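Let's take a walk through this structure together, one piece at a time. Keep the sequence and the 3D view handy as you read.

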Amino acid sequence: MANASGAISLASVSVRSEKSSAASISPSGFFSLYRNPRRMLSLRCDATVECSSRSKSRLPRLVGMGSKLVGCGSALPKLQISNDDLAKIVETSDEWISVRTGIRNRRVLSDIVELASDAAKGALSMAQVSPDDVDLILMCTSTPENLFGDAARVQRELGCKNALSFDITAACSGFVVGLVTGSRFIKGGGYQNVLVIGSDALSQYVDWSDRGTCILFGDAAGAVLLQACSEKEDGFLGFDLQSDGMVKTPRRQQRRPRLPPRKPSYSCLKMNGKEVFRFAVRCVPQSIEAALDEAGLPSSTIDWLLLHQANQRIIDSVANRLQIPSHKIISNLASYGNTSAASIPLALDEAVRGGQVKAGDVIAMSGFGAGLTWGSIIVRWG
């Protein structure tokens with residue numbers, strides 16, 4: 001029935017079957033599919049649908065503007081799992097893990113949208129930007145709770161009534177891709193304030209009996225606020241993005257078409273660690289050099305090197321090839337493990353709030369991961 005505001009409220013019908021999770025189906029036809037780590041999908045429908053005009057009119061769009069990073073935030077799950085904890089469930093030890101990866105602890109989450117929202121709130125607070133003034137939310141994740149993406153749910157949690165929101169999937173490169181995307185919306189679309197969030201929960205897709213992968217991954221969220229600025233203030237100095245879909249992967253077995261189609265299943269995450277290492281130490285320095293070249297800067301101008309936190313040996317090897325001293329490396333890998341798209345903004349937030357990164361510092365960021373995808377960006381903080 002219609003209410004005074006013109007919204008339409010519809011009662012939901014609850015459905016449950018033995019082979020699926022509970023589902024709410026609304027006559028409105030609006031629904032969401034939620035991915036279950038136990039390889040099931042649950043259907044969720046919104047009981048109330050409301051179409052309303054924006055709470056305020058947009059400012060005139062000014063294209064060609066620069067971008068600057070003005071705020072950051074991060075959020076972590078409470079549950080911490082140490083290497084000693086893992087040694088109780090798989091054949092490993094603290095020494096074996098830390099020597100090979102640099103990791104000693106990781107966090108495991110309960111709600112990815114809540115983490116993403118908390119990280120975004122930190123970025124908005126630091127930037128002193130109201131949720132009403134956010135124009136765009138980019139949710140960089142490969143592990144959304146909702147099959148159709150989580151950006152809109154984060155938008156709702158934050159109360160960003162005037163924002164467009166959508167997800168970006170580029171695995172561990174996701175945050176770097178998100179930064180580039182956000183800067184293009186500012187430069188070409190006239191957007192003023194863009195939230196870029198990296199949030200992942202790979203622990204849900206890890207085989208906890210496989211010591212080759214379960215030791216590596218943790219869950220977290222990090223966010224930054226990109227803001228339009230004059231060309232003189234532009235802190236977005238150069239970037240390089242790449243992908244290689246020609247990487248050899250096992251071929252799927254050919255099956256005859258059938259009706260109804262089989263439901264998709266989600267297997268545990270697998271990784272060829274040796275090949276990833278070789279790829280990273282070769283391609284990441286080249287990507288950073290390409291971004292520096294676009295920025296017209298030598299590597300000696302880099303104040304901080306901030307890489308995707310995958311493996312300490314990768315981080316050290318890349319720094320060595322670029323001749324960047326260890327005191328210029330930002331790394332929190334030991335505390336949190338590989339948090340995928342969250343790793344760069346999480347480490348950035350800690351470095352900013354800890355007083356390492358200061359206004360005007362030049363940061364070389366680089367992400368790399370599944371796909372394969374990789375990319376680098378040279379930014380000036382503040």
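Leu-79 sits opposite Val-108 in strand β9. The two strands behind that match, in what is a predicted model, are β8 (residues 79-82) and β9, and they pair in the antiparallel sense over four bridges. Look along β9, residues 105-108, and you'll see Asn-105 and Arg-107 pointing one way while Arg-106 and Val-108 point the other. Buried or exposed, those four? They are all buried.

Time to zoom out for a moment. The protein chain has nine helices and 17 strands, and of its 382 residues, 49% count as buried. Take the contacts between residues at least 6 apart in sequence: 74% of them join residues at least 24 apart.

Now hop over to strand β12, residues 193-201. How many of its nine residues are buried? Nine of the nine are, so the strand is largely enclosed by the rest of the structure. In a regular strand the side chains alternate between the two faces of the sheet. Here Asn-193, Leu-195, Ile-197, Ser-199 and Ala-201 point one way, and Val-194, Val-196, Gly-198 and Asp-200 point the other.

What does β12 pair with? One partner is strand β10 (residues 136-140), joined to β12 in the parallel sense over five bridges; here Cys-140 stands opposite Gly-198. Another is strand β13 (residues 219-229), which runs antiparallel to β12 with nine bridges between them. If you want a spot to check by eye, find Val-194 and look for its bridge partner in β13, Leu-226.

Val-196 of β12 deserves a stop of its own. Leaving out residues up to four places away in sequence, Val-196 touches Leu-138, Cys-140, Phe-175, Gly-178, Leu-179, Gly-222, Ala-223, Val-224 and Leu-226. Val-196 also belongs to the largest nonpolar core, a set of 33 residues, and is listed with Leu-179, Ile-363 and Met-365 as having the most contacts inside it. There is a second, separate core of 27 residues, and among its members are Leu-109, Ile-112, Leu-115 and Ala-127.

Next up is Asp-167, which you'll find in strand β11 (residues 164-168). Its relative accessibility is 23%, so Asp-167 counts as partly exposed; the cut-off for buried is under 20%. Which backbone atoms does its side chain reach? The side chain of Asp-167 gets to the backbone nitrogen of Asp-150 at 3.0 Å, and to the backbone nitrogen of Ala-151 at 2.8 Å. Those two residues also turn up in the list of what Asp-167 touches beyond four places in sequence, along with Met-139, Thr-141, Pro-144 and Gly-149. As for Ala-152, it is 15 residues from Asp-167 in sequence, with 8.6 Å between their C-alpha atoms.

On to helix α6, residues 273-295. How far should a helix of 23 residues span? At 1.5 Å a residue the expected figure is 33 Å, and the end C-alpha atoms of α6 are 32 Å apart, which agrees. Even so, α6 has a kink of about 30°, centred on Ala-280. Just after the helix, Gly-296 takes a positive phi of about 70°.

An α-helix has 3.6 residues a turn, so residues three or four places apart point the same way. With that in mind, pick out the buried residues of α6: Phe-279, Ala-280, Val-281, Cys-283, Val-284, Pro-285, Ser-287, Ile-288, Ala-291 and Leu-292. What covers them includes four strands and a helix you can trace in the view: β14 (236-243), β15 (304-307), β16 (362-369), β17 (373-380) and α7 (312-321).

Follow the chain past α7 and you meet Leu-322, in the loop between α7 and α8 (333-336). Leu-322 is buried, with a relative accessible area of 5%. Setting aside its neighbours within four places in sequence, Leu-322 is in contact with Pro-285, Ile-288, Glu-289 and Ser-299. Val-284 lies 38 residues from Leu-322 in sequence, and their C-alpha atoms are 10.0 Å apart.

Our last stop is Ser-343, found in helix α9 (residues 343-353). Ser-343 has 1% relative accessibility, so it counts as buried. Neighbours within four places in sequence aside, Ser-343 is in contact with His-308 and Gln-309.

Note on methods. Residues numbered from 1 in each chain as written. Predicted model: local features only at pLDDT ≥ 70, side-chain atom pairs only at ≥ 80, totals over all residues. Heavy atoms only, no water. Buried < 20%, exposed > 50% of the residue type's maximum accessible area, 1.4 Å probe, protein only. Pairing = 2+ DSSP bridges. Core = buried A, V, L, I, M, F, W, Y, C linked by side-chain atoms within 4.5 Å. Contact = heavy atoms within 4.5 Å. Polar contact = N/O pair within 3.5 Å; in protein donor to acceptor, adjacent residues only side chain to side chain. Expected span 1.5 Å × (residues − 1). Bend = angle between axes of the 7 residues up to and from the residue.
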